[in-house]
Amino acid sequence: MIQLKYPTQQELVNALRRPELDKEDLSGLVSEVFEKVRKLGDRALKEYTEKFDGVRLTDLIVSQEEIDNAEAYLDHELKSAILRAAENIKAFHRSQTEKVVKIETLPGIFCWRKSVPIEKVGLYIPGGTAPLFSTVLMLGIPAKIAGCREIVLCTPAGKDGEINPAILYAASLIGTTRIVKVGGIQAIAAMTLGTESVPEVFKIFGPGNQYVTAAKQFAQQLGKAIDMPAGPSELMVVADKHANPSFVASDLLSQAEHGGDSQVILVTDDVALLSTVQSETNKQLESLERKDIAERSLKYAKLILVEKDQLATIVNAYAPEHLILNTEFNDGLLNEVMNAGSVFIGQYTPESLGDYASGTNHTLPTNGFARMYSGVSLDSFVKKITYQTATSEGLKIIGPVVEKMATAESLTAHRNAVSVRLKYLEENGI
């Protein structure tokens, strides 16, 4: 971990840079996989799964029997935890439902807007060393609440050709319409193009490695929407002298264990906290199952000492995916924070709560995109359609305004669409 005490402006800029991402050009590989999936469909999915993952698949689609077995396999306590988390996530996302409000902008002119679900969505769920069944809940629940008719989930199978049972249980719980045993570039290609077994979708969600990220970007070029730009996970903690060093250390480690390219930063105005947090972090690190991964991340972790009046400025400059405020002046900081994906306030609010069960969504903008992107929400699964209707009286009031503006823009047909109606109303005494 790197300590910086009262850094210069340039030192601060350097400290807040994200870890360098792999610059490997994957465009050729991604294009090749997409083209083969386009031509060969399911056959290509099986061939690439065997080539890239070492898994030979007979069936691409998870059967109901496999789902039932997964539920029976999971222990009761884990199922109860998943159910509790699901209820909280449902409650939070249901609260985001918007009522339709009809506005009369002028007498006889009525306008309104309504949220309409995206008909077909695809959810990508990574497998590997950390099968993210929590992400199934985070993406599937708002999709279901929004009313998406088709929810396709792709996730890589293990070497035995099976899907992690917790992923299957969560997918069944939220009402996924199809679960596909395919990951990587080929999974994104399948949801983008459609195959015999995998329906084409309109928007693709979910985290992934550099290959999945490159494939999602390629899918955008083919006209598909994606949730947001993705990058390594990150956390910034703002703490003062009142913060418990063991709490702060545990928060830093909770993100460091995501991956060697994850970034964790502590910003404080208390010099003593730097050494105590570093010591506590090293102590807690020893007991982690993913110690090796966390260690790689911590090599680039920053512990930054600044004046109190710089804290909010640094937060906004970095725009963290996750922000923890652990100070006695949290309310004042909150008023100043403008750039963050999700904020966790107070010493008893670890970021882990949002990752799993408090109710907020954990699919968040990284790599500084919190400056202009929101995290996944109910809005991510709908599009907003505007509506309007005019009475004859309303047209008489607004018609001359439109005629004048259309004439000024030399759009005669626009003007005439109003004029012929006004003439009709006049001739018929309406």
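How are α10 and α11 oriented to each other? In this predicted model, helix α10 (residues 245–256) packs against helix α11 (residues 271–285) at an angle of about 60°, and their axes are 8 Å apart. An angle of about 60° belongs to neither the parallel, the antiparallel nor the perpendicular class, so α10 and α11 are oblique to each other. The crossing of α10 past α11 is right-handed. On the α10 side the contact involves Pro-245, Ser-246, Val-248, Ala-249, Ser-250, Leu-252 and Leu-253, which meet Leu-273, Thr-276, Val-277, Glu-280, Thr-281, Gln-284 and Leu-285 of α11.

**Helices α8 and α9**

A second helix pair is formed by α8 (residues 184–193) and α9 (residues 210–221), whose axes come within 8 Å and cross at roughly 25°. That angle makes α8 roughly parallel to α9. Here too a right-handed crossing is found, with α8 passing α9. The residues of α8 in this contact are Gly-184, Ile-185, Ile-188 and Thr-192; they meet Tyr-211, Val-212, Ala-215, Lys-216 and Ala-219 in α9.

**The five-stranded sheet**

Five strands build an open sheet in the order β6-β5-β4-β7-β8, and their pairing is parallel. Strands β6 and β8 (225–226) stand at the edges with a single partner strand each, so one side of each has no neighbour in the sheet. Helix α9 packs on this sheet, where it touches β4, β7 and β8, and its direction makes about 165° with that of β7. Helix α8 lies across β4, β5 and β7 (203–205) and runs at about 175° to β4.

Strand β5 (residues 150–154) has four of its five residues buried. On one side, five bridges join β5 to the parallel strand β4 (residues 120–124); within this pairing, Gly-122 has Val-152 in β5 as its bridge partner. Strand β5 is also joined by three bridges to β6 (residues 178–180), again in parallel, and Cys-154 is matched there with Val-180 in β6. Between β5 and β6 comes helix α7 (residues 165–174), and the three elements make a right-handed β-α-β unit.

**The three-stranded sheet**

Another open sheet holds three strands in the order β2-β3-β14, with antiparallel pairing. Its edges are β2 (103–106) and β14 (382–390); each has a single partner strand, so one side of each is left without a neighbour in the sheet. From one strand to the next, the twist averages 30°. Strand β3 (residues 109–117) pairs with β14 in the antiparallel sense over nine bridges, and Phe-110 has Thr-389 in β14 as its bridge partner. Helix α16 (residues 392–408) packs on this sheet and touches β2, β3 and β14, its direction making about 105° with that of β3.

The strand pairs with bridge counts are set out below.

| Strand pair | Sense | Bridges |
|---|---|---|
| β4 and β5 | parallel | five bridges |
| β5 and β6 | parallel | three bridges |
| β3 and β14 | antiparallel | nine bridges |

How values were computed: Residues numbered from 1 in each chain as written. Predicted model: local features only at pLDDT ≥ 70, side-chain atom pairs only at ≥ 80, totals over all residues. Heavy atoms only, no water. Buried < 20%, exposed > 50% of the residue type's maximum accessible area, 1.4 Å probe, protein only. Helix = DSSP H or I, 4+ residues; strand = E, 2+ residues; numbered from the N terminus. Pairing = 2+ DSSP bridges. Right-handed = clockwise from strand over helix to strand, strands pointing away. Axes fitted to C-alpha atoms, helices over the stretch in contact; angles between N-to-C directions. Parallel < 35°, antiparallel > 145°, perpendicular 65-115°, else oblique. Left-handed = near helix turned anticlockwise from the far one by under 90°. Contact = heavy atoms within 4.5 Å.
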